[in-house]
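Biologist: Could you walk me through this structure? I have not looked at it before, so please take it step by step.

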Amino acid sequence: MKVTYPHMGNMAIGVKAMLEELGLEVVLPPPITKKTLTLGTKYGPEFACLPLKLNLGNFIEAYELGADTILMAGGTGPCRFGYYAYVEQEILRDLGINYDLLVLEPPERNIMEFIAKLKKITGNKSIFQVIKAIKKGFLKIKAADEIEKKVVFFRAREITKGATDRVWQEFLQNLNRAREEKEIEEAVNQAVVGLARIPVDLTREVLKIGVVGEIFTLLEPFTNFNIERYLGSLGVEVHRTIYLSEWVNDHLFLGFFKNYSRHKEIVKEAPPFLCHFIGGHGRETVGGVRYLKKQGFDGVIQLLPFTCMPEIVAQAVLPAVSEVAGIPVLSLVVDEHTGEAGFITRLEAFCDLLSFRKKGGNYGKRRIFGG
Amino acid sequence: MKVGIPRGLYFYDYYPFWETFFQELGVEVVTSKPTDKEILNLGVEAAVDDACLPVKVFFGHVRFLKDQVDYLFIPRYVSEYRRTYICPKFLGLPEMIIFRLKAPKVLSHDLTAYQKGADFYRGVYVFGKKITPNGMKVMRATYTAWKKQKAYLQKKYLGYQPQDLIDGKQEYVPDLKKPLFAVVGHAYNINDRYASMDLIKKIRRFGGEVLTPDNVPFAEAVKKAGLLPKKPFWSFAIKNFGGSIYLAENYPLKGVINLNSFGCGPDSIITELTERYLKRKFSLPFLNLTIDEHTGEAGLVTRLEAFWDMTVERSFAGESNLPAHG
């Protein structure tokens with residue numbers, strides 16, 4: 001059994017560690033490229049959302065490398081994600097690509113159900129080994145998130161451009177290679193030291209932008225044109241409302257680690273603008289805007305794939321939220337288009353607007369209009 | 001008190017219920033006019049760009065009604081049947097209206113049957129208590145409304161379309177002996193004469209008759225949806241998929257016409273599966289029509305005529321399925 005699974009940001013590192021600990025052979029799809037997107041859009045349903053198409057591309061590419069089993073998460077709706085695996089399998093079957101499907105449906109009642117399902121994959125491994133494997137995978141994801149949160153600080157303030165990214169890439173490689181918990185810790189320490197050595201300009205006026213929206217477009221740099229790195233190079237500190245480890249803790253471990261995620265605090269901010277959950281991350285998006293305002297952010301960017309249902313609902317109420325909370329919000333829809341320029345122009349304009357706004361009325365008097 | 005019910009989304013599923021319910025409580029019910037160009041323009045102006053056509057149409061109806069009534073009635077249909085949802089857009093509908101259209105006078109209540117089917121009517125009761133403190137009166141109104149709704153459902157199972165029953169001026173009796181077509185899609189698209197470009201009427205004018213998933217009891221649709229590897233968690237996905245399989249099995253269909261609205265999330269996935277399963281099991285002709293804000297009727301008519309020629313005229317002329325030339 002050669003297991004494969006779709007890419008989503010740094011998820012691959014954690015899942016790979018978990019599956020290999022369980023003694024499974026993992027065939028990772030190649031990193032997402034234009035080819036992946038082309039394959040996905042060619043065979044995927046026309047109006048399906050972007051993540052589905054990219055997953056499909058991933059699976060076709062992984063099949064060429066010899067994978068024969070898909071591992072995916074499921075869901076109980078109403079977001080389309082819960083049905084991805086089955087549609088993708090149907091499409092692949094008609095293409096003559098036969099995969100076995102292992103779908104981990106979210107544990108509705110308790111964590112033991114999830115573990116029992118995992119055990120189907122693991123065969124004769126004991127429950128302790130299974131827990132150990134999950135723990136290892138989770139630690140890796142957690143470590144990646146921890147460093148990523150630090151990285152954005154340095155990226156916005158670094159003096160030599162690209163110094164932070166070098167440390168970050170090196171860290172990801174070390175993390176991927178780490179076999180034991182000790183090595184993970186080592187990789188983290190090494191990265192922290194590496195970051196601390198980067199010369200930074202602490203006097204620089206740095207904007208703080210929060211990114212909210214749909215999880216896949218937030219986490220996968222390919223879909224959002226690496227928005228975090230780009231904004232970082234403009235001298236903007238970028239934080240997300242969703243980090244993978246928090247999501248895993250909330251949805252797969254059902255909040256096993258208390259006080260680890262900010263999910264509750266964020267969702268609490270959603271009413272009266274959204275009083276009911278609407279699937280996906282719609283409520284987190286709406287709540288996120290007010291949450292980020294309270295945390296002292298200057299602006300918010302909403303990222304969503306075209307036709308994403310929960311995010312469209314959120315997008316519809318965001319102008320009202322933005323008005324009440326007094327924080328600018330920019331909604332960016334990502335699609336199969338690969339023209340970066342339109343995206344970047346809007347980001348730059350938004351950053352200009354925020355920095356004018358931050359400098360306040362005082363700046364307006366001295367403002368010189370060019371042209 | 002005047003309550004406005006916008007003629008969009010679940011209007012065609014629940015209008016008889018709510019009309020009776022409000023009338024029993026002594027509330028005057030006002031509905032907006034059937035969708036036309038004015039309503040669509042009002043909706044497209046106000047709604048968020050990426051929303052699907054029925055949501056835009058709904059926005060239009062709300063804007064049309066807003067100033068004519070004391071309250072707008074926009075319940076939050078969370079779930080119609082056990083363990084299913086409707087669509088994220090239905091879940092956020094009241095907020096979208098309140099904050100997007102700045103229409104604060106909205107009567108809304110969460111109606112959900114996710115845990116238990118009876119919870120739906122419990123929701124109706126709690127909602128009724130907001131209007132009148134008299135609990136007995138609300139119960140009686142709910143019961144009368146439920147009976148009316150049941151009669152409405154029975155009529156639909158006989159082959160009547162919601163638009164015949166609600167909008168129809170003269171009594172139309174469906175004739176199932178004519179060439180039958182299954183029109184698969186959401187009730188709010190199929191029955192909206194303007195949005196669907198009067199698809200049902202057009203087929204009837206050709207001399208055909210139409211069946212929709214509305215004509216299939218939900219329990220039967222659920223059984224057929226069992227063909228899928230996982231039961232869909234959208235109730236109308238079950239209706240559309242299960243309904244089309246049920247219709248194909250039980251009626252001598254000439255073809256299946258699928259009516260999608262551009263950007264509909266669940267449809268993008270379920271249409272894909274419906275088409276594949278229908279092809280595998282029945283080899284029925286399948287026509288996929290996508291509707292949008294565009295108002296060019298010609299494209300739809302051409303495709304419909306071609307489909308009609310392909311499926312019906314050919315058999316009248318006694319032609320075989322072999323191509324006529326070379």
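**A walk through chain A**

Modeller: Happy to! Let us start at Trp247(A), which is found in helix 11 of chain A. Please keep in mind that this is a predicted model.

Biologist: Is Trp247(A) buried or exposed?

Modeller: A residue counts as buried if 20 or more other C-beta atoms lie within 10 Å of its own. Trp247(A) has 20 other C-beta atoms within 10 Å, so Trp247(A) is buried.

Biologist: Which residues is Trp247(A) in contact with, leaving aside its neighbours within four places in sequence?

Modeller: Contact here asks for C-beta atoms within 7 Å. With neighbours within four places in sequence left aside, the residues in contact with Trp247(A) are Ile215(A) and Ile242(A).

Biologist: How do helix 6 of chain A and helix 11 of chain A lie to each other?

Modeller: Helix 6 (residues 127-157) and helix 11 (residues 244-251) of chain A pack with their axes 8 Å apart, at an angle of about 140 degrees. Angles over 145 degrees would count as roughly antiparallel, and 65 to 115 as roughly perpendicular. The angle fits neither range, so helix 6 and helix 11 of chain A are oblique to each other.

Biologist: Which residues of helix 11 of chain A make that contact?

Modeller: From helix 6 of chain A come Phe138(A), Ile141(A), Lys142(A) and Asp145(A). The residues of this contact divide into 4 nonpolar, 1 polar and 2 charged. On the side of helix 11 of chain A, the contact is made by Leu244(A), Ser245(A) and Val248(A).

Biologist: Now the other chain: which element gives the largest share of the side of chain A that touches chain B?

Modeller: The contact takes 33 residues from chain A and 29 residues from chain B. On the side of chain A, the elements giving two or more residues are helix 4 (84-94) and helix 14 (309-325). The largest share, 8 residues, comes from helix 14 of chain A.

Biologist: How far apart are the end C-alpha atoms of helix 14 of chain A?

Modeller: At 1.5 Å a residue, the 17 residues of helix 14 of chain A should span 24 Å. The model agrees with this, because the end C-alpha atoms of helix 14 of chain A are apart by 24 Å.

Biologist: Where in helix 14 of chain A does a kink lie?

Modeller: Helix 14 of chain A is mostly covered, with 12 of its 17 residues buried. Among them are Ala316(A), Val317(A) and Leu318(A). The kink is about 45 degrees and comes shortly before the proline Pro319(A), at Val317(A).

Note on methods. Residues are numbered from 1 along each chain as its sequence is written. Chains are lettered from A and ligands numbered from 1 in the order in which they are written. This is a predicted model: local features need pLDDT of at least 70, side-chain atom pairs count only at pLDDT 80 or more; totals for chains, interfaces and linings use all residues. Two residues are in contact if their C-beta atoms, placed from the backbone, lie within 7 Å. Helices (H or I, at least four residues) and strands (E, at least two) are DSSP runs, numbered from the N terminus. The expected span of a helix is 1.5 Å times one less than its number of residues. The bend at a residue is the angle between axes fitted to the seven residues ending there and the seven starting there. Axes are lines fitted to C-alpha atoms, for helices over the stretch in contact, and angles run from 0 to 180 degrees between N-to-C directions. Angles under 35 degrees count as roughly parallel, over 145 as roughly antiparallel, 65 to 115 as roughly perpendicular and the rest as oblique. Ala, Val, Leu, Ile, Met, Phe, Trp, Tyr, Cys and Pro count as nonpolar, Asp, Glu, Lys and Arg as charged, and the others, Gly among them, as polar.
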